[in-house]
Amino acid sequence: MSSSLLAGIDVGSTTVKAVVVGTAENRTVWRDYQRHDSRQAEVLLDFLRRMEQQAAVCPGETRMFVTGSGGNALASLIGAKFVQEVNAVSLAVERLHPEVNSVVELGGQDAKIIIFKEEMNGGPKKKICTMNDKCAGGTGAVIDKIVSKLGISAEQLRNQAYQGVRLHQVAGKCGVFAETDINSLQKQGVPSDELMASLFDAVVLQNLSVLTRGNTLRPEVLLLGGPNALIRGMREAWIRNISLLWKERQIELPAGNRPEDMIWAPADAVYYAALGAVEFGKREDAETGCYLGTENLADYVEKGRESKLRNSQPGLVESLEELLEFRRRYTNPRFRPAIFRRGDHVRSFLGLDAGSTSTKAVLLSESGEVLGKAYQLSCGDPIQDTKDLLEQLRQEIESQQAHLEILGVGTTGYAKDVLHDVLCADAAIVETVAHTQSALHYFKDPHCVVDVGGQDIKIIMLHNRQVRDFRLNTQCSAGNGYFLQATAQAFGVATEDYADLAFTAQDMPVFGYGCAVFLQSDIVNFQRSGWRREEILAGLAAVLPKNIFLYVANVPNVASLGTRFILQGGTQNNLAVVKAEVDFIRGSFGKGQQQPEIIVHPHCGEAGAIGAAIEARRLHERGRRSTFIGLEAAQQIHYQSTRNEETRCHFCTNNCMRTFLDIANPVEASSHLQACESGKRRVIIASCEKGSAQDVNSLREIRLGMESIRSRNPNVVELAARSVWKSRAPEVISDEIPSQGWKKAVNRRIALMKNRPKLRVGIPRILAMYSYAPLFSAYLESLGVLPENIVYSDFTTNEMYRSGSSRGAIDPCFPSKIAIAHFHNLIFTKHVRKRLDCIFLPMFDVLCSPLVRTRACNACPTAAITPETVEAAYTKETNIFAENNIEYLHPLVNLSDRRLFAQQMFDSWSPILGVSRQENERAIEAGYKAWQGYERDIRQQARVVLDMLERENRLGIVMLGRAYHHDPGLNHGILEEFQKLGYPVFSQNTLPLDEDLLDRLFGDEVRAGFISHALDISDVWKTATAASSNMKVWAAKFTARHPNLVAVEFSSFKCGHDAPVYSVVERIIEQSGTPYFCFKDLDENKPTASIKLRVETIDYFLRSYREEMASEIQSIHESREHAITMAIHATTSPSATTSATLNTIDSPGTTA
Amino acid sequence: MNLPPFQHFRRPTERPFTAEERDRVTILFGGFTWKHEKLIQAVFQGCGYHCQPLPNPTLSSYHLGRSFGNPGQCNPTYFTVGNLIQYLRELEARGLSRQQILDSYVFFTAGSCGPCRFGMYESEYRMALENAGFGGFRVLLFSQNDGIKAQSGEPGLKFGVDLGMGSMNALNLGDITNVIAYNLRPYEVVPGETDLAIAWVVDELSGLLRDRPVFEILERSPHWFATRLAGHKKWKDILNMLGKVREHLYGKPYAESLRRCRARLGEVEVDRLRVKPIVKVMGEFWAQLTEGDGNFNMFSFLEQEGAQVSVDSIGNWVMYLLHQAKANAEGRKKVDAPYPDAAWWDFKKQLKNELRFQKKWTPLTLGERIWARQYQRAAEGLGKIAAPLLPQRELARLAHPFYHSLARGGEGHLEVGKNVYYSVNNLCHMVLALKPFACMPSSQSDGVQSAVVNHFPEIIFLPIETAGEGEINAHSRVQMALTEAKSKAWAEFDRSVTVSRLKAEDIRDYVADHPELRSPLYRVPRHPGVAGVAANFVLHVARKMKNAQRKFTLQTAVQR
């Protein structure tokens, strides 16, 4: 067939692009670009009809080639041939820009990088193509999400600059993390343009560090795809970051060219995939891709879709009756504000909840009834939001000619502290506490409070009205309210209409629960498969309870949580979500079991604000006089937010950015505001206490306070993290340097031995080095390497990661991927300062362990292989080690087999140090001795602290995490936060192993035959093969048995060895009644707000636990006194039973 | 006052599977292809066990597994345990009580002590089963005696010669039939013919493994010898064992059955002139083997997209394990030697050192040889369609500069070794590595591969992370790489046609006139540097045609 037209259509995840090219003149005769709003088939149909009308496209005259992520399923319907999008783009680039060596195409959900590499033998260029995996992090989707959040118009976005705009740290890895960071920055008053520029930076860095797989984008670089083509700032971000990379990697540009000449976006950048599809068509025979017309597609749009759907489940409701009955039971009656008479004096408490996505305010009467409430989607400024809401509430009351008096103010939510300071509120309470108070206020005996907010999911378990336990989502706000809201918005559905639309779905797709980014990918996949928006919305609602109970709470058996569930939080206003939750909870209860009572909080959106108001009421009832500045004064608050270089904190080396809120207080503030200064006040929003200092004097005071807290609450983990790198000054055991020999080998050895004092060895501060550094440093030092010549990389920081991780090709756990950045630090910072001869990072195969009867003592394979991935990263393009004259040593080592280890070290170091076998043996001995010395010292220090806790009957925290979690950059400073709150901190690797202590904790079980030894874990964990997991299980046992310790489990995202022991660790601790908390999925992103929320909640929980413990001990003492009195009365010599009882009571191990 | 003693958490006591239960307990297992599973089932049945493979795990198994397991596991675990729970629920739906299920079924799986978390999954299975309401369901482990051996009395599952060697044969036959299926299907002239033939072959081989007469020395030896031997238990057992081994290695029924299978396979007509890129699929053990949702239905997708899939064999994995054990023994030779510092002239000490080493090394070598021999025998018996097992030492050598060959966990250096081996030897056009999301060794291996592909620029390598979601994205990425591989295959084919100085139509006509060239049993030699089936076939047929032409010219000349 000879066709006069060739059409290329790119059906992407968010847009459809098409070009029609006349074959005779090889010229584009028609083209268009439209967003499809998830209606790919419908928009394609529209395109085709317009192409037929406007460009004379018709069957018999046109050949059609379809590309794009949504094109595959649709191509055959119109007779077109499908071309994979990366191939289409590369064909277009090869024809239009043969000079280009790299292409970056950012799509809605996809990101692609193509690198054209010259072959050494001068053959055709080789293409290296990469495409994002299932995760849509670092794509246009992330930008879309934030744009919609910040309410930026298309025009604004197009002109948004990057160059010259102040940048802040934003995670680009995934939209959820980015959103969390943006939220937090927004609350600190960072303007939208800075937020967007920071986001562009994050997206570019994410792609450079993951999608390039460590390859360098060589000039020229072509920027394609919607975001690159349309947003000025994106292009500028690429130019800046790529040029920095070129500079670092010494990539030379053609003479006379600047980086901005070499990195550019063509005018029709959005059409390249479609043009590539046409190019593909030109190479195909004339029978390929013959256009069939729109009939089949129209039929598919009408009715053909159902047959293609896989992986479906029935909709949220089966029948109309079911829906009506559900609505009857679960629709909260519309709130009617209280009605007042003219002249009424309304005494009330104000509760404010400044959440992540909205701000809520309630007025609570003295008797606890809600008098009025107000809600506002956050505009990013919590103070302005609050002023608006207060005015709204006041209007409500005063419009009835009544007078409003605020007796007390409580704040909660992300911005609780800012509001507390600005309004001089009476209480600022953490959200979990606020929600618990609210549930307890309304319901007699709630068992489980399920709060689903915009950003956070909280599950609070109660027993007899006391909080028994809680769960919060970690850094990932998987599938929460805001996600649902944003998805609905993306589909053009108002949040209020979500449920109505979702209930119309007969079937819905099955989403995999968990990470919101993967849910986002699922949405795209389902759209591609033909699912409609109502079905997708229903499916998303259905997955939420799985996210709540399986992902966040990790409770597969929901029935174990109790029988009265309270659903609260703004998301519960969405009845589709409630229906899914109700079905899920009911489904967990067996037929014979008592059925659950599931109640939607009457003010679910404002439950937190109610809780805050209740706290204010409680304080008032205790006689506290409110410090609130008053409603009028609140309206007159004027403030200026400053966040720039001038506000940067220089009180420590972190140099964090701070926000200053300079508030002009109304002078005529009412008399009870004596607590507040009149005139201008400054509220400083900083990431730590030191940052809140205004001058050196206040800093000194803060420091003194902190020092005092620190010295009373030692952080053993921090001590370990510092002392592990210190030289243990081992005895030098090296051979005497032989006199000149006649053998070449001897002379070589002499030279190497003489060089030992000069040899400089770099060691990255990562992984198992946090345990075993003394072994290796002592080995080297004992052979004559000077301690000052053993150079460690810096401690992990975010800046280090950002500057040094772009060579990585994979995305493993943070402790592993940070290795590349530590090497970067060693090579490009330390080595540049003073030459390094070699870098040493062994591949830890088997570790040591004090435990007995374990099956094996393996190191984690991710950690073990990390030295190999580092080598790959630094040798793939050019050998960076060789270029810098650095020897890279990474022997495989087995630390638990001393003979084998000696052999491995000998093989590795002999060519560098000229070590003899005997010398090696002695050095190994010195190494083990030093390591054991370090272990002994740190455990001794821990024992002193533990004894202090026992004496003072206080609580300490055991961090159940690996040795590398001692790294402050990896544990995100969470342990320090606990220390500041008054809890000494230990870790699984630093717990004391003194016999008397172990006997006290485990002796009875050993004697009863449950275990063979205090260090035996076979009673709880059968498959004890991984060294650190085994240790974690043992430390959990230790913590469970010690009355003064509670457990906080740390685990990194993608930690394969931790995952299998999650439940066993939890069971061990919780069965003993010991509090257990966790920070799982730790990654490079530091979710400050989420960490703060969790730490504060844990602190609240531990305070009540300590009170309970104190009262329990008090009652035990009373019982003991009573028993003694009784015994004295009964007989002069106490019976054996009484004696045993007294002994039991005396033992601290049993009091908990 | 007496305080009740506090009960700390302890793991539940495991219930043993005893010999006395054998007749009424069904052993459930899974995780292989249906071919392997059917053959293994036959072996177990032949040894007197009730045995049932689980259905192929689907996406719903995965979702179920996730809801009952710990978060953050790799997806083979979720698929496997979800599949088991789904099956047990089906049993329940059929009317069995939970107690009946606990009493009548056990799950048999592989275990490990290696550094990969796979070694810990036994506990994970038990926990997920408990969460799903099947607490106390028995999980038996292959590699670990405690799981199989009853805590008291005779174990329910006993590894004798028949079960052990039968399983070896079943795995080998499963491997070979699997490879044959993927080698023939893309070229079959009648669609579906390969699957029919493979189904027939697997049925035939299952029958062989199930109904094979069990060797018993007392039954096979003359009466006079049998009566004497009956009284000597030790000798009887030794001779019985040797007889069984011989039967498994050289048994006649085995050879006859293979011949029948070969004949059936020979009936499938193939068209080798179809140009298809060969895609070597490798990666994590389960992800590269499963045929379904567990790897995004990758095999069928690749075939549908016009590729020939080169699947991996379980045999290669077994050989890897044996090789690693040998390599470790070699690495420890000096360390374990009783006289590490023996001088070279001190033969006595050297001999003792060597004996210590050989004690470890020889049985492993023997195991390797037996396995390889049986594989080879079966491959030849089934028409030499399947490729031989991979040379493990060579793989380790190729991988070592990038990935330490003694590093343990998961596939170790295998992925890197295979990538280099297949590419530099031109055995495929593209390498596709399937790795479960967050698989530790496989992810690290992928990190290393980024350097490998830079050092061997001719490699088309694509890693795909498999999970429960993201199938369409994964398929799209495969299409991306496959387009390159197709170009490579076509370029190679065009080169072959050019070199042969013939037209493709001439070759096609010649093949039409020679039916033997359309038989799958016809052996086409591989030409150096040529990977594709069609390209090799063209070169071979061209040579044949030229030879025939030369012969014809010669004959004509002679006749003149």
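**Entry 1: sheet of chain B**

I started with helix α20 (residues 471-500) of chain B, which lies across β5, β7 and β8 of chain B. I read its direction as about 165 degrees to β8(B). The model I am looking at is predicted.

Next I looked up the sheet itself. It is an open one of four strands in chain B, ordered β6-β5-β7-β8, and the pairing is parallel. I noted β6 (308-310) and β8 (461-466) of chain B as the edge strands, each paired on one side only. On average, neighbouring strands of this sheet are turned by 30 degrees against each other, direction ignored.

A second helix packs on this sheet: α18 (residues 414-424) of chain B touches β5, β6, β7 and β8 of chain B. Its direction makes about 165 degrees with that of β5(B).

I then checked one strand pair. Strands β5 (residues 278-283) and β7 (residues 430-436) of chain B run parallel and are joined by five bridges. In this pair I found V279(B) opposite M430(B) of β7(B).

**Entry 2: α1 against α7**

I looked up how helix α1 (residues 34-46) of chain B meets helix α7 (residues 161-184) of chain B. The two axes come within 8 Å and cross at roughly 160 degrees. Angles over 145 degrees count as roughly antiparallel, so I entered α1(B) as roughly antiparallel to α7(B). The crossing is right-handed.

From α1(B), the contact residues are K35(B), H36(B), L39(B), I40(B), V43(B) and F44(B). From α7(B), I list part of the set, including D162(B), L163(B), G166(B), A170(B), G174(B), N178(B) and Y182(B). By class, I have nine nonpolar, six polar and three charged residues in the contact of α1(B) with α7(B).

**Entry 3: V161(B)**

V161(B) sits in helix α7 of chain B. Which residues does V161(B) touch, leaving out those up to four places away in sequence? I found G166(B), M241(B), K244(B), V245(B) and H248(B). I also looked up the pair V161(B) and L242(B): they are 81 residues apart in sequence, and their C-alpha atoms are 9.1 Å apart in space.

**Entry 4: confidence**

The model scores ipTM 0.93 and pTM 0.89. Chain B has an average pLDDT of 90, with 97% of the residues at 70 or above. I flagged residues 144-148 of chain B, over which the pLDDT is below 50. Beyond near neighbours in sequence, that stretch has 12 contacts in the model. Where pLDDT is low, predicted coordinates should not be read in detail, so I left those contacts unlisted.

Note on methods:
Residues numbered from 1 in each chain as written. Chains lettered and ligands numbered in written order. Predicted model: local features only at pLDDT ≥ 70, side-chain atom pairs only at ≥ 80, totals over all residues. Heavy atoms only, no water. Pairing = 2+ DSSP bridges. Helix = DSSP H or I, 4+ residues; strand = E, 2+ residues; numbered from the N terminus. Axes fitted to C-alpha atoms, helices over the stretch in contact; angles between N-to-C directions. Contact = heavy atoms within 4.5 Å. Parallel < 35°, antiparallel > 145°, perpendicular 65-115°, else oblique. Left-handed = near helix turned anticlockwise from the far one by under 90°. Nonpolar A, V, L, I, M, F, W, Y, C, P; charged D, E, K, R; others polar. pLDDT = per-residue confidence, 0-100.
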